[in-house]
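The following exercises are to be worked from the sequence and the coordinates. Each task is followed by a stepwise solution.

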Amino acid sequence: MGDAAGASSRPSPTAPATPLPIAEPLLNLDATNSLDLGDQDVRKDRKGDIRFTCGAQSCSLESRSSDLLLRYAKPGATYDSCKFELQGAASHHLPLAAVAAGSEICAKDRAGNIALLVVQVKSTALPDLGFLMVDVTVWPHA
């Protein structure tokens with residue numbers, strides 16, 4: 001009987017583990033580069049998955065395949081909260097008009113990488129010179 005109790009208190013070998021996060025502080029996105037969640041870095045070209053784009057009237061984050069979701073819950077998103085909130089997300093376009101410093105954005109790419117982008121600085125008053133500075137935490141898909 002002691003063995004059964006001891007065995008049930010151990011984690012199951014098939015229980016999903018939270019991936020270890022990779023933090024990239026203060027990444028700058030602008031009209032010349034892009035973010036690739038798989039590499040957890042900013043590319044010097046526009047071939048990465050997440051791009052900052054400004055048009056005549058507004059700026060946004062765009063993606064070919066990643067789901068993007070602005071969080072309205074209290075700050076402090078985790079892997080589990082982003083994963084849960086992204087379950088119903090299907091938007092590859094996130095307007096930045098209502099996004100302020102401290103806002104949190106959850107993202108998930110095709111490979112299953114989940115990321116939290118925390119806006120530090122947003123400059124969209126002059127679209128030609130617009131940029132977005134974010135702290136990024138990526139939980140790589142195992």
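**Exercise 1.** Determine the handedness of the link of C82 and C106 from the angle about the S-S bond, and establish which elements the pair ties together.

*Solution.*
Step 1. The angle about the S-S bond is -65°, and the link of C82 and C106 is accordingly classed as left-handed.
Step 2. C82 belongs to helix α2 (residues 79–85) and C106 to strand β8 (residues 104–108), so the disulfide ties together parts that lie 24 residues apart in sequence. Helices (H or I, at least four residues) and strands (E, at least two) are DSSP runs, numbered from the N terminus.
Step 3. The S to S distance of this pair is 2.0 Å, which satisfies the criterion for a disulfide, a pair of cysteine sulfur atoms within 2.5 Å.
Step 4. The relative accessibility of C82 is 0%, so C82 counts as buried; C106 is likewise buried, with a relative accessible area of 0%. Here buried means under 20% relative accessible area, exposed means over 50%, and partly exposed lies in between (1.4 Å probe, protein chains only).

Two conventions apply throughout. The model is predicted, so local features require pLDDT of at least 70 and side-chain atom pairs count only at pLDDT 80 or more, whereas totals for chains, interfaces and linings use all residues. Residues are numbered from 1 along each chain as its sequence is written, and side-chain values use heavy atoms, with hydrogens and water left out.

**Exercise 2.** How many disulfides does a search of the whole structure find, and which pattern do they follow?

*Solution.*
Step 1. The search returns 2 disulfides.
Step 2. Besides the pair already treated, C54 is joined to C59 with an S to S distance of 1.9 Å.
Step 3. The link of C54 and C59 has 105° about the S-S bond and is right-handed.
Step 4. C54 is partly exposed at a relative accessible area of 24%, whereas C59 is buried at 5%.
Step 5. With bonded cysteines counted along the chain, the pattern is 1-2, 3-4.

**Exercise 3.** Identify the strands that pair with β5, and decide whether β5 is enclosed or open.

*Solution.*
Step 1. Strand β4 (residues 50–54) pairs with β5 in the antiparallel sense over 5 bridges; two strands pair if DSSP finds at least two bridges between them.
Step 2. The hairpin formed by β4 and β5 has 4 residues between the strands, and I50 stands opposite S63 in β5.
Step 3. Strand β7 (residues 93–95) also pairs with β5 in the antiparallel sense, over 3 bridges. In this pairing L61 stands opposite L94 in β7.
Step 4. In β5 (residues 59–63), 4 of the 5 residues are buried, so the strand is largely enclosed by the rest of the structure.

**Exercise 4.** Describe the surroundings of N33 and R43.

*Solution.*
Step 1. N33 is placed in the loop between β1 (22–30) and β2 (34–36), and N33 is buried at 8% relative accessibility.
Step 2. The side chain of N33 reaches the backbone oxygen of N28 at 2.9 Å. A polar atom of this side chain also lies 2.9 Å from the backbone nitrogen of D30.
Step 3. Not counting residues up to four places away in sequence, N33 touches several residues, among them N28, V42, R43 and R51. Contact means heavy atoms within 4.5 Å.
Step 4. R43 lies in strand β3 (residues 41–43) and is partly exposed, with a relative accessible area of 27%.
Step 5. With the same sequence exclusion, R43 touches N33, S34, D36 and G48.
Step 6. The side chains of R43 and D45 are joined by a polar contact of 2.8 Å. A polar contact is a pair of N or O atoms within 3.5 Å; within protein, one must be able to donate a hydrogen and the other to accept it, and residues adjacent in sequence count only if both atoms are side-chain atoms.
Step 7. The C-alpha atoms of R43 and L29 are 9.4 Å apart, at a sequence distance of 14 residues.

**Exercise 5.** Summarise the protein chain by its secondary structure and its accessible surface.

*Solution.*
Step 1. The chain has 2 helices and 10 strands, in the order α-β-β-β-β-β-β-α-β-β-β-β.
Step 2. Of its 142 residues, 39% are buried.
Step 3. The accessible surface is about 8,200 Å², with 57% belonging to carbon and sulfur atoms. Accessible areas come from the Shrake-Rupley method with a 1.4 Å probe; for residues, only the protein chains shown count as cover.
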